[in-house]
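Good morning, colleagues. I should like to take you through one structure today, moving from strand pairing to side-chain pairs and then to a few individual residues. Please have the sequence and the model in view as I speak.

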Amino acid sequence: MPVSRSQHTNERAEAHGCGTGILKHAPCKDCQAIMKVLLLKDPKEDDCGQDPYIRELGLYGLEATLIPVLSFEFLSLSSFSEKLSHPEGYGGLIFTSPRAVEAVELCLEKDNKTEVWKHSLKEKWNAKSVYVVGSATSSLVNKIGLDTEGESCGNAEKLAEYICSRESPALPLLFPCGTVKGEILPKMLKDKGIPMESIIVYQKVPHPGIQVNLHSYYSQQGIPASITFFSPSGLTHSLKHIQELSGDNIGRIKFAAIGPSTARALAAQGLPVSCMAESPTPPALAKGLRLALQAPGC
């Protein structure tokens with residue numbers, strides 16, 4: 001079912017001093033009432049027991065609801081586990097999604113390599129470069145004990161520029177990725193002569209509850225002021241339902257993208273992009289949506 005801000009407010013949040021965000025920060029008095037926005041992503045609780053996007057948007061008077069549109073299946077874990085066991089064959093790692101980091105965790109659990117990772121493999125990989133996109137992915141990589149760099153780049157293209165400016169290793173960089181990956185990063189590294197070895201470790205599939213959850217949201221909340229897409233795949237699997245539910249009112253919705261590849265996918269569907277987050281983070285999205293939705297003069 002859809003997950004709203006109220007469902008994430010609990011005692012654990014108060015215990016951490018995080019608050020509920022929206023209860024502490026109302027919109028400016030000259031603006032309209034609290035706007036409802038829809039985020040097409042999985043809920044991810046942080047240490048405050050609340051999804052950081054819901055909390056951050058609440059600070060700007062935006063009532064956010066989360067609806068997951070994608071599920072994930074993991075692939076080639078045995079092969080990936082073997083590669084992780086031989087860091088001497090690689091110049092480093094590249095992570096551009098949280099799912100790729102989850103694949104590492106699954107490999108360690110599945111093959112009983114957790115202790116080996118802690119006592120030797122982790123340090124061997126830490127002797128090399130571990131590149132990441134975004135703070136969310138970086139945080140997950142840090143949790144498995146690896147030091148990261150490049151997280152502030154914000155997207156794969158900028159990370160590729162960062163990698164190209166840093167080094168040209170003799171050994172390939174290991175890049176665990178999904179079946180639908182952008183070609184910009186691999187192409188930029190290849191053009192600069194930086195060796196890279198990709199391995200597909202997950203694939204995206206439609207979430208089984210997309211249609212039911214979207215229908216429930218529209219029935220209860222009406223047309224959202226804005227809808228944010230977090231990936232081109234998420235757009236592909238949800239757009240038809242959104243168009244059907246919105247009907248002639250679809251022009252009222254401000255469409256937002258978490259990054260440039262998703263913005264390009266929106267544009268390719270003929271949808272206006274009212275907001276593209278400068279980086280894939282809650283503060284950047286909140287800032288962009290505030291500018292896209294604010295009333296004149298606010």
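Three bridges join strand S10 to strand S11, residues 273–276, and these two strands run parallel. This is a predicted model, and everything I say about it should be heard in that light. Within this pairing, Ala 256 has Cys 275 of S11 as its bridge partner. The connection from S10 to S11 passes through helix H11, residues 260–268, and the three elements make a right-handed β-α-β unit.

On the preceding strand we find a related arrangement. Strand S9, residues 226–229, is joined to S10, residues 254–257, by four bridges, and here too the strands run parallel. Thr 228 has Ala 256 as its bridge partner in S10. Ala 256 is therefore a residue to note on both counts, being the partner of Thr 228 and also of Cys 275. The link between S9 and S10 is helix H10, residues 232–246, and this trio also makes a right-handed β-α-β unit.

Let me place these units in the whole. The protein has 12 helices and 11 strands. Of its 298 residues, 47% count as buried. Among contacts between residues at least 6 apart in sequence, 73% join residues at least 24 apart.

I turn to another parallel pairing. Strands S5 and S6 are joined by four bridges and run parallel. Ile 94 has Tyr 131 as its bridge partner in S6. Is strand S6 covered on one face or on both faces? Both are covered: Ser 129 and Tyr 131 on one side are buried, as are Val 130 and Val 132 on the other.

Just beyond this pairing I would draw your attention to Thr 96, in the loop between strand S5, residues 92–95, and helix H4, residues 98–110. With a relative accessible area of 28%, Thr 96 is partly exposed. Its C-alpha atom is separated by 8.2 Å from that of Tyr 131, and the two residues are 35 apart along the chain. Which residues does Thr 96 contact, leaving aside neighbours within four places in sequence? They are Val 133, Thr 137, Leu 159, Phe 175 and Leu 185.

Next, the aromatic side chains. A pair of aromatic rings is described by the distance of the centres and the angle of the planes. A search of the whole structure finds six aromatic pairs. One of them is formed by Phe 72 and Tyr 202, with 5.8 Å centre to centre and 65° between the planes, an edge-to-face arrangement. Phe 72 lies in strand S4, residues 70–74, and Tyr 202 in strand S8, residues 196–206, so this pair ties together parts that are 130 residues apart in sequence. The two rings belong to separate accessibility classes: Phe 72 is partly exposed, at 23% relative accessibility, whereas Tyr 202 is buried, with a relative accessible area of 6%.

Another pair is formed by Tyr 217 and Tyr 218. This pair is also edge-to-face, at 6.1 Å centre to centre and 75° between the planes. Tyr 217 and Tyr 218 are both buried.

A ring can also face a charge. In this model the charged end of Lys 41 sits over the ring of Phe 230, 6.0 Å from the ring centre.

On the cysteines I can be brief. A disulfide is a covalent bond between the sulfur atoms of two cysteines. How many disulfides are there in the model? The count comes to zero. Regarding individual cysteines, Cys 107 is buried, with a relative accessible area of 1%, while Cys 164 is partly exposed, at 21% relative accessibility.

I close with the backbone. Most residues other than glycine have a negative phi, and most peptide bonds are trans. Ser 76 has a positive phi, near 50°. This serine is found in the loop between S4 and helix H3, residues 77–84. At 41% relative accessibility, Ser 76 counts as partly exposed.

Asn 112 likewise has a positive phi, of about 55°, although it is not a glycine. Its position is the loop between H4 and helix H5, residues 114–126. Is Asn 112 buried or exposed? Asn 112 counts as exposed, because its relative accessibility is 68%.

Thank you; I am glad to take questions.

Definitions and conventions:
Residues are numbered from 1 along each chain as its sequence is written. This is a predicted model: local features need pLDDT of at least 70, side-chain atom pairs count only at pLDDT 80 or more; totals for chains, interfaces and linings use all residues. Side-chain values use heavy atoms; hydrogens and water are left out. Two strands pair if DSSP finds at least two bridges between them. A crossover is right-handed if, with the strands pointing away from the viewer, the path from the first strand over the helix to the second runs clockwise. Rings of Phe, Tyr and Trp (its six-membered ring) pair if their centres lie within 6.5 Å; planes under 30 degrees apart count as stacked, over 60 as edge-to-face and the rest as tilted. Buried means under 20% relative accessible area, exposed over 50%, partly exposed in between (1.4 Å probe, protein chains only). A charge sits over a ring if NZ of Lys or CZ of Arg is within 6 Å of the ring centre and within 35 degrees of the ring normal. A disulfide is a pair of cysteine sulfur atoms within 2.5 Å. Contact means heavy atoms within 4.5 Å.
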